[in-house]
Amino acid sequence: MMGQYIADGIILGATLALGAIGLTLTYNILRFANFAHGEFLTFGAYFALASGAVIARGAAFGPLTFGWGFLGALAIAAALTAGLALFLDWLLYRPLRTSNIAVTLVIASFGASLMLRNLVVFVWGPRPEYYSRQIAIAQEILPGVSLTADEIFVLVLTAVLMLALHLFLHRTRLGKAMRAVSDNPALASVTGIHVQSVIRWTWVIGGGLAAIAGVLYGLTVQISPEMGFNLVLPMFAAAILGGVGSIYGAVVGGLIIGLAESVSVPLIGAAYKPAVGFLIMFLVLLCYPKGILGERS
């Protein structure tokens, strides 16, 4: 039985890790905590629902599940959410960056989060939705561990995306430029790196990964206007636990938070599991104040 909770925790942790990577990229390069990031997950999930209905030729609920139709909806959702992130930066964050006051951007992100959440309710309504009304049959893959095809797809796609991001950051010119801007924006600009272009790509990658995280969460659970708000704090906990500014730390932190919350369910009940992730974060930070993979002074 515990094996099933561990498997569920890994699936949740993979989703949190994808979202936490976007938070880490934003913090690294733009130097502020974007609390509107959770709404990118929500919009990504609903964009996939809308595009899935189109792919399904107007079905009331897009029967999205593991398959080519789902991959098409996922790609459309990632592109649209990346566009939303760029638009929000152009409309709100870019004018405020000239003040060089980080707290201004943080407070603005709170306002943007509230606005986007209410926009979702206005467009799609307050009720939870599902990608498919079909019953997913879980297959036993290990003794005591059963997973559906959708859940296996979530794990495989998350692993592929994390490997692709690693190769992108270390093997491509743009990835190296992003790492340089993260270390020292002024020095990177002097060496000829177009900082504004790097910032735009940061929003594209962060928004795209957030959308994918939202879609994968909706695929295995459900989608609702509050899903981003409910996930943003665990994502922040994952980023802080792994080490603020460390992409690999965000992955480790996401898996730890997901496992801690899932394994605690049979012990204390589902109502208290969000607190367990933060308790783990506090305990780890007592020993590693900069996070598990954070830079040591």
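Here is a quick tour of a predicted model, covering one helix, some aromatic rings and a cavity.

Local features need pLDDT of at least 70 and side-chain atom pairs 80 or more, while totals for chains, interfaces and linings use all residues. Numbering runs from 1 along each chain as its sequence is written, and side-chain values use heavy atoms, with hydrogens and water left out.

Let's start with helix α1, residues 2–30 (helices are DSSP runs of H or I, at least four residues, numbered from the N terminus). Its 29 residues should span 42 Å at 1.5 Å a residue, and the end C-alpha atoms sit 41 Å apart, which agrees; the expected span is 1.5 Å times one less than the number of residues. Of those 29 residues, 23 are buried (under 20% relative accessible area; exposed is over 50%, partly exposed in between, with a 1.4 Å probe and protein chains only). Right after α1 comes R31, with a positive phi near 65°.

On to the rings. Phe, Tyr and Trp (six-membered ring) pair if their centres lie within 6.5 Å; planes under 30 degrees apart are stacked, over 60 edge-to-face, the rest tilted. That gives ten aromatic pairs. F87 and W90 have centres 5.9 Å apart and planes at 35°, so they are tilted. Both lie in α3 (residues 68–97), three residues apart.

| Residue | Relative accessibility | Class |
|---|---|---|
| F87 | 45% | partly exposed |
| W90 | 51% | exposed |

Elsewhere, ring pairs link F32, F40, Y93 and W203 into a cluster.

Definitions and conventions:
Helices (H or I, at least four residues) and strands (E, at least two) are DSSP runs, numbered from the N terminus.
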